[in-house]
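User: Please take a close look at the aromatic residues of this model, and then set them against the helix packing around them. I would like one connected account that keeps to what can be computed from the coordinates or read from the record.

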Amino acid sequence: MKRDEQLEAVKQYAQEKLGQDKTGHAMDHLERVARMAQRLAVDEGIDPFLPVVGAYLHDTIDEKLVASVDQAKEELADFLHSVDFSAAEVTDLLDVLGNISFARTLEDKPVKLSLLGQLIRDADWLDAIGALGISRAIYYGGAHHEKLYDPAIKPRQHMSRAEYRNLADETIINHFSEKLLHLEEMMSTPSAKKIAAHRQQVMLDFLAEFHAEWDAEK
């Protein structure tokens, strides 16, 4: 199977799995991450094919979006083999996609990612910050019935992976302090770092305005 045919099959697979998502992880998100992964790969001087494939598939095995991660991985592996990805490519993609979430960085021994993993994770994290990140944070929080903000609830610090996944202890605005504002410094590739710097400022400006309006200062 030719690469363009493989990529089209990948898009269809992602559409089947996440096309109806209402939490900010539907095809519009995957398309943006894929475009960014291609841009970052080109900047790094490597073939963008696998980074783009991984970008389309990265949320199909995400623990917060699937009922069983093991089953999702098995289905993804079977699909990739069925559209002529090599055994090495399937292994690399599954290893990367299972280790790029922010939650994995909260473990005692964070995984050191390959360049492929760095590109996909940077592309995904860039879509979590800036104007899009603000929009998606509110959209996701609303879908999970989180509070917008409560001054009495302080941002959590030094969270474990399980604590991070407990949305009952989070507000939408606190999510910026707990995760989103940390992503700029955690980017791996030079191009992502530059893009993240601008998007970081967008979030800081938003939060300053939000708190000023909340306190009736403006």
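Analyst:

**Aromatic pairs and their helical surroundings**

Tyr149, Phe176, Phe206, Phe210 and Trp214 form one aromatic cluster. The model in which this cluster appears is a predicted one, and the structure holds nine aromatic pairs.

Outside that list of residues, phenylalanine 102 and tryptophan 125 offer a pair that can be described in detail. The centres of their rings are 6.4 Å apart and the planes stand at 65°, so this pair is edge-to-face; the cut-off that this step relies on is that planes over 60 degrees apart count as edge-to-face. Phenylalanine 102 belongs to the loop between helix 5 (87-97) and helix 6 (115-126), whereas tryptophan 125 belongs to helix 6 itself, so the pair ties together parts that are 23 residues apart in sequence. Both phenylalanine 102 and tryptophan 125 are buried.

Within the cluster, the rings of tyrosine 149 and phenylalanine 210 have centres 5.6 Å apart and planes at 85°, so this pair, too, is edge-to-face. The pair links distant parts of the chain, with tyrosine 149 in the loop between helix 7 (130-143) and helix 8 (161-165) and phenylalanine 210 in helix 11 (residues 190-214), 61 residues apart. Tyrosine 149 has a relative accessible area of 17% and is therefore buried, and phenylalanine 210, with a relative accessible area of 14%, is likewise buried.

The loop that carries tyrosine 149, between helix 7 and helix 8, also carries histidine 158. Histidine 158 has a positive phi of about 50° although it is not a glycine, and, at 79% relative accessibility, histidine 158 counts as exposed. A second residue of this kind is alanine 216, which has a positive phi of about 60° without being a glycine. Alanine 216 is found in the segment after helix 11, and its relative accessibility of 66% makes it count as exposed.

Helix 11, which holds phenylalanine 210, also packs against helix 2 (residues 27-44). The angle between helix 2 and helix 11 is about 130° and their axes are 8 Å apart, which means that helix 2 is oblique to helix 11. On the side of helix 2 the contact is made by Met36, Arg39, Leu40, Asp43 and Glu44, and on the side of helix 11 by Pro190, Ser191, Ala192, Ile195 and Arg199. Aspartate 205 also has its place in helix 11, where, at 46% relative accessibility, it counts as partly exposed. Helix 2 in turn holds aspartate 28, which has 47% relative accessibility and so counts as partly exposed. The C-alpha atoms of aspartate 28 and isoleucine 173 are separated by 23 Å, with their positions 145 residues apart along the chain.

Helix 6, which holds tryptophan 125, packs against helix 3 (residues 49-57) at an angle of about 50°, with the two axes 9 Å apart. That angle makes helix 3 oblique to helix 6, and helix 3 passes helix 6 in a right-handed crossing. Leu50, Pro51, Gly54 and Ala55 are the residues of helix 3 that meet Leu116, Leu119 and Ile120 of helix 6. Helix 3 is mostly covered, since nine of its nine residues are buried; among them are Phe49 and Tyr56. What covers the buried residues of helix 3 includes helix 1 (3-18), helix 2, helix 4 (69-82), helix 5 and helix 6. Leucine 50, one of the buried residues of helix 3, is 35 Å from aspartate 205, C-alpha to C-alpha, and the two are 155 residues apart in sequence.

The record adds a further frame for part of this picture, as UniProt, in an unreviewed entry, places the feature "domain: HD" at residues 28-128. Over residues 28-128 the chain is 62% helix and 0% strand, and the C-alpha atoms at the two ends are 13 Å apart.

How values were computed. Residues are numbered from 1 along each chain as its sequence is written. This is a predicted model: local features need pLDDT of at least 70, side-chain atom pairs count only at pLDDT 80 or more; totals for chains, interfaces and linings use all residues. Side-chain values use heavy atoms; hydrogens and water are left out. Rings of Phe, Tyr and Trp (its six-membered ring) pair if their centres lie within 6.5 Å; planes under 30 degrees apart count as stacked, over 60 as edge-to-face and the rest as tilted. Helices (H or I, at least four residues) and strands (E, at least two) are DSSP runs, numbered from the N terminus. Buried means under 20% relative accessible area, exposed over 50%, partly exposed in between (1.4 Å probe, protein chains only). UniProt positions are given in the numbering used here, feature names are shortened, and annotations may be inferred rather than shown by experiment. Axes are lines fitted to C-alpha atoms, for helices over the stretch in contact, and angles run from 0 to 180 degrees between N-to-C directions. Angles under 35 degrees count as roughly parallel, over 145 as roughly antiparallel, 65 to 115 as roughly perpendicular and the rest as oblique. A crossing is left-handed if the near helix is turned anticlockwise from the far one by less than a right angle, and right-handed if clockwise. Contact means heavy atoms within 4.5 Å.
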